[in-house]
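Okay, thanks for having me. Let's put the model up on the screen and walk through a few spots together.

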Amino acid sequence: MSLQTRRLGRSDLYVSALGLGCWAIGGAMAAGDQPRGWAGVDDADAVRALRRAVDLGVTLFDTADSYGAGHSERVLSTVLAAHPEVLVATKFGNTFDEDARQLTGVDTSPAHVRQALHASLRRLGRDRIDLYQLHTPDVDAQRGDELIAALESFVAEGLIGWYGVSTDDPGQAERFATGPHCTAVQLQLNVLDDNPDMLAVCDRHDLAALCRSPLAMGLLGGRYTAASTLPADDIRGQPPAWLRWFTDGRPNAEFLQRIDTVRDMLTAGGRSLAQGAIAWIWARHSRTIPLPGFRNTIQVEDNAGALSHGPLEPGEYAAIERALDRDS
């Protein structure tokens, strides 16, 4: 069953059922001596991959001002200029030193957000951002209300079309959902890590579920084994606490075992492992739009190939849930 488009939440926008996440193509960055970017990224490869993605029907690219300390937005701009039909989502909330490629803190004050928005517009080469998302959602009720008001003013000024929040906290998502032009939540979801509470929020408020880490930071891409070692300047080489799929620069053995449990089911019908993992997300919920990352054309072609297969059939999905002891 093929699948091509999905509505972006309560908005009037329709996007490809598969978007692409642009964190990796930002390349290296760090917070102090801790890597927060991706090693081995080539800008020319990234631009070729972006162009290939557009050729294959991808119409949504998701980035952030902090990815590569601004570099991801700059790389993306080289393709956006020739493709006004492509929708761009970016994020705000982190502060950074672009020259040093260092994350320097967090600022969610409305004054800073306005500055960040104009900086993103300049880097992206656009006069409007289709979806503008809070990247650092740990804000109190007062600041949340201030941000919603600011975002609504950006909509009125024509600087953004819609907005959302990147969070796995249902309470934070509920707060932002009160904003008239809030249309999406970016949440963690993949076949190894379900997220029913956040999907329920999306249902209650007619929001799109943009799925970050749909391939578990590459673990579901199929190239890593127990013997794999990630470079020290890659975020997976020195993973932060939330990044559970890699430990001390190696794939987490527990998750590798879980992948082996369902590998044959995910790859049935000629799907690659990545395509099966994406198909599981589509089968999980009709609001989902997975955002796999990429660094080259081969990865884009593999990810976009999932569109021709579509979601898992109900029986395939149910079998995977039973195998992972999630059939209750």
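So, let's begin with the largest pocket, and keep in mind that this is a predicted model. Going by class, its lining has 22 nonpolar residues, 14 polar ones and nine charged ones. That's a lining of 45 residues, and the ones nearest the centre of the pocket are Trp23, Trp38, Ser213, Met217 and Trp242. The elements giving two or more residues to that lining are β12, at 182-188, and α9, at 297-304. Of these, α9 gives the most, with four residues. As for space, we have about 1100 Å³ in there.

Okay, next up, helix α5, residues 170-177. Which of its residues are buried? Those are Gln172, Ala173, Phe176 and Ala177. Look down the axis of α5 and the buried residues fall within an arc of 135 degrees, so they line one face of the helix. And what covers them? The cover includes β10 (129-134), α4 (141-156), β11 (160-166), β12 and α6 (196-205). Oh, and check the N-terminal end of α5: Asp169 caps it, with a side-chain oxygen 2.8 Å from the backbone nitrogen of Gly171.

Last stop, Lys91, which sits in strand β7, residues 87-92. Is this lysine, Lys91, buried or exposed? Lys91 is buried, at a relative accessible area of 0%. Its side chain makes a polar contact of 3.1 Å with the side chain of Tyr67. Leaving aside residues up to four places away in sequence, Lys91 also touches others, among them Asp62, Asp65, Tyr132, His135 and Gln186.

That's my tour, happy to rotate anything on the screen.

Notes: Residues numbered from 1 in each chain as written. Predicted model: local features only at pLDDT ≥ 70, side-chain atom pairs only at ≥ 80, totals over all residues. Heavy atoms only, no water. 1 Å grid on protein atoms, 1.4 Å probe; cavity = no way out; pocket = protein on both sides within 12 Å on 5 of 7 lines; lining within 4 Å. Points joined across faces, edges and corners; volume = space filled by probe spheres on them. Nonpolar A, V, L, I, M, F, W, Y, C, P; charged D, E, K, R; others polar. Buried < 20%, exposed > 50% of the residue type's maximum accessible area, 1.4 Å probe, protein only. Arc of directions from axis to C-beta. Contact = heavy atoms within 4.5 Å. Polar contact = N/O pair within 3.5 Å; in protein donor to acceptor, adjacent residues only side chain to side chain.
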